[in-house]
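Colleague: I am new to this structure and would appreciate a guided tour. Could we begin with the strands and then move on to the helices?

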Amino acid sequence: STANTMRTVALIPGDGIGPEISDAVKKVLAAAGVPIQWEEYPISTKNVVPGQDLIPSNVLDSIRRLGYGIKGPLETPIGKGHKSLNLTLRQALGLYANVRPCRTIPGIQTKFPAVDVVIIRENTEGEYVGLEHEVVPGVVESLKVITRVASERVARFAFEFARQNKRRRVTAIHKASVLKLSDGMFLDCCRRIAAEYPDIEFKEALIELCSGYLISQPERYDVLVLTNLAGDIISDLAAGLVGGLGLTASLNKGEHTVLAEAVHGTAPDIAGKDLANPTALLLSAVLLLRDMGLQEHANRIEHAIYTVLREGQVRTRDLGGKALCSEYTQAIISKL
Ligand code: NAD
């Protein structure tokens, strides 16, 4: 389809600040003339009915049918109550890769050298299969499951992402020196997929060396591909290097479904006060547009966001400014 064909995308506004930042996304995309109409789904902790499916199957079917979605944060009861709606959604939609670009934003002060990396995390297995047991009192075992299917799938995704986004290098991060079978197979899968992409340089790095270099010499890295727990840790490290939660976008990728979401939570302390920073969800929407092939719209919106942040006059409170979410959104629209 062409860049002007109207498409329908699922929108899950979410809990807390979710509806406010989702509203910013709708306004900015409309102002940029993006050919998207929304189908809204009120998935929320508030709408969970005891004894029924956490997320109604017709809602999941609709999101699968549309193929593309954006979601605001969802509240999770900690240590009690129902299972995480985020995890439920991820599993039900088969979202196997999590993509998080971490790039220093001109005008945003950080303590570190300029960073421009994309973290690609395997999202379905590894340590997160939750297979733990107590062998005898005082001794527990925890399984880390690595499969060839999931490793090749995420590796291929990393190389495709690199190619589509004009990135030069993919580095597989691992601990295969110790975890010879599990990380060994993950690394082997990355090597084999790399051979299919001669236009993209392939490197390997031990995770502890990668952690140090990300802080001191981040220019060593471009696209990183990691197993689940390693990706969880390294992606938060990289997000911290470039200015934190309010600015970090992410995309969850499945075989048939792509779901954009910010990294942060529902921010209950500022919810409903028009104080949230919508940048993370807006940049997540930019990732989704690129995935949908709407490059020009994505570039225009990203440029407008970066211009407002670089000029520094209109900023939300988390970035030391005084602007409301709605005022900041309007400033971005004025730069389109
Ligand atoms: P949080 O990210 O909601 O908030 C942490 C701090 O960062 C707060 O001070 C908050 O005000 C601030 N903050 C976060 N996003 C912001 C934004 N866009 N603009 C300005 N300030 C922002 O983390 P939390 O308090 O630990 O979690 C609150 C709820 O969110 C919990 O129920 C948790 O389970 C859920 N959560 C959901 C997701 C998700 O949906 N993917 C992710 C993380 C947490």
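Modeller: Let us start with one strand pairing: Val99 has Leu251 as its bridge partner in E11. Please keep in mind that this is a predicted model.

Colleague: In which sense do E4 and strand E11 pair, and over how many bridges?

Modeller: E4 and E11, the latter covering residues 251-254, are antiparallel and share 4 bridges.

Colleague: And what is the bridge partner of Leu251 in E12?

Modeller: Leu251 is partnered there by Ala260. E11 and E12 run antiparallel, with 3 bridges joining them. The connection between E11 and E12 is a hairpin through 3 residues.

Colleague: Let us turn to E10. Which of its residues are buried, and on which side?

Modeller: Val223 and Val225 are buried on one side of E10, while Leu224 and Leu226 are buried on the other, so that both faces are covered.

Colleague: How many bridges join E5 to E10?

Modeller: There are 4, and E5 and E10 run parallel. Within E10, Val225 stands opposite Ile120.

Colleague: What about E8 and E10: how do they run?

Modeller: They too are described as parallel, joined by 3 bridges. Leu224 of E10 is the bridge partner of Thr171.

Colleague: Now the helices, please. How many residues does helix H4 have?

Modeller: H4 spans residues 148-164, which gives it 17 residues. From first C-alpha to last it reaches 24 Å, close to the 24 Å expected at 1.5 Å a residue.

Colleague: Which residues of H4 are buried?

Modeller: The buried residues are Ala150, Ser151, Val154, Ala155, Ala158, Phe159, Phe161 and Ala162. They lie on the same side of H4, because the arc they cover around the axis is only 165°.

Colleague: What do the buried residues of H4 pack against?

Modeller: Their packing partners are strand E4 (95-103), strand E5 (116-122), strand E8 (169-174), helix H5 (182-194) and strand E10 (223-226).

Colleague: Which exposed residues sit on the face of H4 turned away from its buried side?

Modeller: That face carries Arg148, Val149 and Gln164. After H4 comes Lys166, which has a positive phi near 55°.

Colleague: Why would a positive phi deserve a remark?

Modeller: Because most residues other than glycine have a negative phi.

Colleague: Where is Ala267 found, and what is its phi?

Modeller: Ala267 has a positive phi near 45°, and it is found in the loop between strand E12 (258-261) and H8.

Colleague: Is Ala267 buried or exposed?

Modeller: Ala267 is buried, because 21 other C-beta atoms lie within 10 Å.

Colleague: And where is Asp274?

Modeller: Asp274 is also placed in the loop between E12 and H8, and its phi is positive, near 60°. With 17 C-beta neighbours inside 10 Å, Asp274 counts as partly exposed.

Colleague: Let us go to helix H9. What span should its 17 residues have?

Modeller: At 1.5 Å a residue, H9 (residues 295-311) should span 24 Å, and its end C-alpha atoms are indeed 24 Å apart.

Colleague: Which residues of H9 are buried?

Modeller: His297, Ala298, Ile301, Ala304, Ile305, Val308 and Leu309 are buried. Seen down the axis of H9, these residues fall within an arc of 135°, so they line one face of the helix. They pack against helix H1 (18-31), helix H8 (279-291) and helix H10 (325-334). H9 is followed by Gly312, with a positive phi near 75°.

Colleague: You mentioned H1. How far apart are the C-alpha atoms of Asp23 and Ser326?

Modeller: Asp23 lies in helix H1. Its C-alpha atom is separated by 8.9 Å from that of Ser326, although the two are 303 residues apart along the chain. Asp23 counts as partly exposed, with 17 C-beta neighbours inside 10 Å.

Colleague: Finally, which residues come nearest to the ligand?

Modeller: Of the 20 residues around the ligand, Pro73, Thr76, His264, Gly265 and Asn277 come nearest. The shell divides into 9 nonpolar, 7 polar and 4 charged residues.

Colleague: One last residue: what does Glu75 touch?

Modeller: Leaving aside residues up to four places away in sequence, Glu75 touches Asp15, Gly16, Thr45 and Thr266. Glu75 lies in the loop between strand E3 (68-71) and helix H3 (85-92), and it is partly exposed, with 19 other C-beta atoms within 10 Å.

Definitions and conventions
Residues are numbered from 1 along each chain as its sequence is written. This is a predicted model: local features need pLDDT of at least 70, side-chain atom pairs count only at pLDDT 80 or more; totals for chains, interfaces and linings use all residues. Helices (H or I, at least four residues) and strands (E, at least two) are DSSP runs, numbered from the N terminus. The expected span of a helix is 1.5 Å times one less than its number of residues. A residue is buried if 20 or more other C-beta atoms lie within 10 Å of its own, exposed if 12 or fewer, and partly exposed in between; C-beta atoms are placed from the backbone. The arc is that of the directions from the helix axis to the C-beta atoms. Two residues are in contact if their C-beta atoms, placed from the backbone, lie within 7 Å. A residue is near a molecule or strand if its C-beta atom, placed from the backbone, lies within 6 Å of it. Ala, Val, Leu, Ile, Met, Phe, Trp, Tyr, Cys and Pro count as nonpolar, Asp, Glu, Lys and Arg as charged, and the others, Gly among them, as polar. Two strands pair if DSSP finds at least two bridges between them.
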